[in-house]
Amino acid sequence: MTIETFLGAKIEAFDPPVRGDPITGDRYYTREWAQKEWDKVWTRVWHIGGMAADLEQPGDYITHNLVRESVVMLKQRDGSVRAFFNACKHRGYRLAWNEVGGGDALTCGYHGWKWAPDGTLIEVQDPEDFAGGNPCGKTRLEEVRCEVWGGLVWYNMDPDAKPLRDWLGIVAEQLEAWQMDRMTRVMAVTSDVPCNWKIIRDNFNESYHIPTLHPQIASSIDDDYTDTVFEMFPDGHNRMVMKGLQPSGRYPTVDIVEAPLAEALACWGLDPEEFEGKASKARRAIQVQKRALYREKGYPHYETLNDSQLTDYHHYTLFPNVTLTMWPDGAQLLRSEPHPTDPERCIFDHWFMAHPVEGEEMVIGPNGPTKFEQVDREFIPYGTATLGEVADQDLSVAVGQQEGLHSRGYTGGLLPIQEKRVQRFHEILNDLVDGRR
Ligand code: FES
Ligand SMILES: [Fe+2]
């Protein structure tokens, strides 16, 4: 059956079949699985290396460490960005140690070899002492595929990978509306969470947990799955669109105006009292107001957004491990990566990239009002400080799930249809690790 969604899409078009492969527990804790993922997945997909805005001058660099690998991405004289494995060709010392840095050359901390931003060796100690002659100008760092898109620097270790835009496909086309390349990263926290990276992916690939883990959002986000769009795209990416500024249709409170919705109505010049008993009409009314007032209120980035994008949460999962939740005023990135040595831990990132609002010093992010200024990534040891209210709620169950998945009592998952994105994620992963993709 074909269902027309509130976005006008025919659901059938984005609803590929799944096989029902068991989602086994071992994939969440064995080293064998982790190694297969490294060989067949992580070394073949596009990764977000960091923010393009951190690369201002030629020679500026950013680094990204992934499992035991590290990649350094450098700004070139012509404005482009090139990436290299972050290891000296002399005897392997890691070259760049900071996440963000820069200079005329990358200087190795061991014997002082210098590498130009284009990866060429330019200075060595005792150049006459090499059997093949001075290696400067002849030896280069190992290059890695690199592209800049959406204000982000991406890299891919597979020389045969599809270009980034081909791999993102329809997701890139849709994301253009939010103009991510004009956003600034105003929040970036990273933590080491004691669970496998896929536990976090599974969670962000379903909204079934929202009523139990995030009951506070029901007053302003409609978590009713029958009114949510779920779409699955080629290459494992997917989209979920959840109506915002509309109370959840799951409860009899659907027409009661509560605080967050009342604030949004007031912010856009509407009287919350007029919506008492008909809160479900607020979303459309705010869309109309935003369309009428966005310029004078300092939100020029609304120019390219459609009605749904003005109020709703467009939640994209990029295979395998990145979620970009697009809000009208920014993009929330949630990413989990494997821990360098322990399959039962992962590295979790929570960033927010925002558009400026004219005349405002603060923007609204996942942690509420947030100063509009560019920030570096901050590492927070897990459990020592909040990673964001909703993220904390999500992670609160991850550790317990890691335990339960070791049990003989867990036999492979029993999923409702609305969790189909979880099933598809694991089937694509199975295909990759088994060499079928
Ligand atoms: S390992 Fe880099 S100069 Fe020796
Ligand atoms: Fe959640």
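1. In this predicted model, Gly169 sits in a loop, with helix H2 (164-168) on one side and helix H3 (170-175) on the other. Gly169 has 14 other C-beta atoms within 10 Å. The residue is classed as partly exposed because this count falls between the limit for exposed residues, 12 or fewer, and that for buried ones, 20 or more.

2. The surroundings of Gly169 include residues distant in sequence. Once neighbours within four places in sequence are set aside, Gly169 is in contact with Phe233, Pro234 and Asp235. His237 is 68 residues from Gly169 in sequence, yet the C-alpha atoms of the two are 9.1 Å apart.

3. The domain assignment divides the protein into domain 1 (11-44 + 179-433) and domain 2 (47-160). The centres of domain 1 and domain 2, taken over C-alpha atoms, are separated by 33 Å. Contacts between the two involve 17 residues of domain 1 and 12 residues of domain 2. On the side of domain 1 that touches domain 2, at least two residues come from each of helix H1 (31-42), strand E11 (184-193) and strand E16 (330-338). By residue class, this side of domain 1 comprises 8 nonpolar, 6 charged and 3 polar residues.

4. In soluble globular proteins, nonpolar side chains tend to be buried together. The largest nonpolar core here holds 85 residues, of which Val72, Met73, Ala83 and Cys146 touch the most other members. Strand E17 (residues 346-354) supplies the largest share of this core, with 6 residues. The core lies between domain 1 (11-44 + 179-433) and domain 2 (47-160), because both give residues to it. As for Cys146, leaving out residues up to four places away in sequence, this residue touches Met73, Val81, Arg82, Ala83, Val153, Trp154 and Tyr155. Another core, of 10 residues, lies apart from the 85-residue one and has Leu261, Leu265, Ala282 and Ile286 among its members.

5. One sheet is open and has 7 strands in the order E1-E10-E9-E4-E3-E2-E5, with antiparallel pairing. Its edges are strand E1 (47-51) and strand E5 (100-101); each has a single partner strand, so one side of each is left without a neighbour in the sheet. Within this order, strand E2 (residues 61-66) and strand E3 (residues 69-75) are paired antiparallel through 6 bridges. One position along this pair places His64 opposite Val71 in E3.

6. Strand E15 (residues 322-327) merits separate comment: 6 of its 6 residues are buried, and the strand is mostly covered. In a regular strand the side chains alternate between the two faces of the sheet. In E15, Val322, Leu324 and Met326 point one way, whereas Thr323, Thr325 and Trp327 point the other way, and all are buried.

7. The partners of E15 are also worth recording. Strand E14 (residues 313-318) runs antiparallel to E15 and is joined to it by 5 bridges, and a hairpin of 3 residues connects E14 to E15. E15 also pairs with E16 in the antiparallel sense, over 6 bridges, and these two form a hairpin with 2 residues between them. Thr325 of E15 takes part in both pairings: His315 has Thr325 as its bridge partner in E15, and Thr325 has Gln332 as its bridge partner in E16. Strand E16 (330-338) is also one of the elements that supply at least two residues to the side of domain 1 that touches domain 2.

Technical notes:
Residues are numbered from 1 along each chain as its sequence is written. Chains are lettered from A and ligands numbered from 1 in the order in which they are written. This is a predicted model: local features need pLDDT of at least 70, side-chain atom pairs count only at pLDDT 80 or more; totals for chains, interfaces and linings use all residues. Helices (H or I, at least four residues) and strands (E, at least two) are DSSP runs, numbered from the N terminus. Two residues are in contact if their C-beta atoms, placed from the backbone, lie within 7 Å. Domain bounds come from an automatic or database domain assignment. Ala, Val, Leu, Ile, Met, Phe, Trp, Tyr, Cys and Pro count as nonpolar, Asp, Glu, Lys and Arg as charged, and the others, Gly among them, as polar. A nonpolar core is a set of buried Ala, Val, Leu, Ile, Met, Phe, Trp, Tyr and Cys residues joined through C-beta atoms within 7 Å. Two strands pair if DSSP finds at least two bridges between them.
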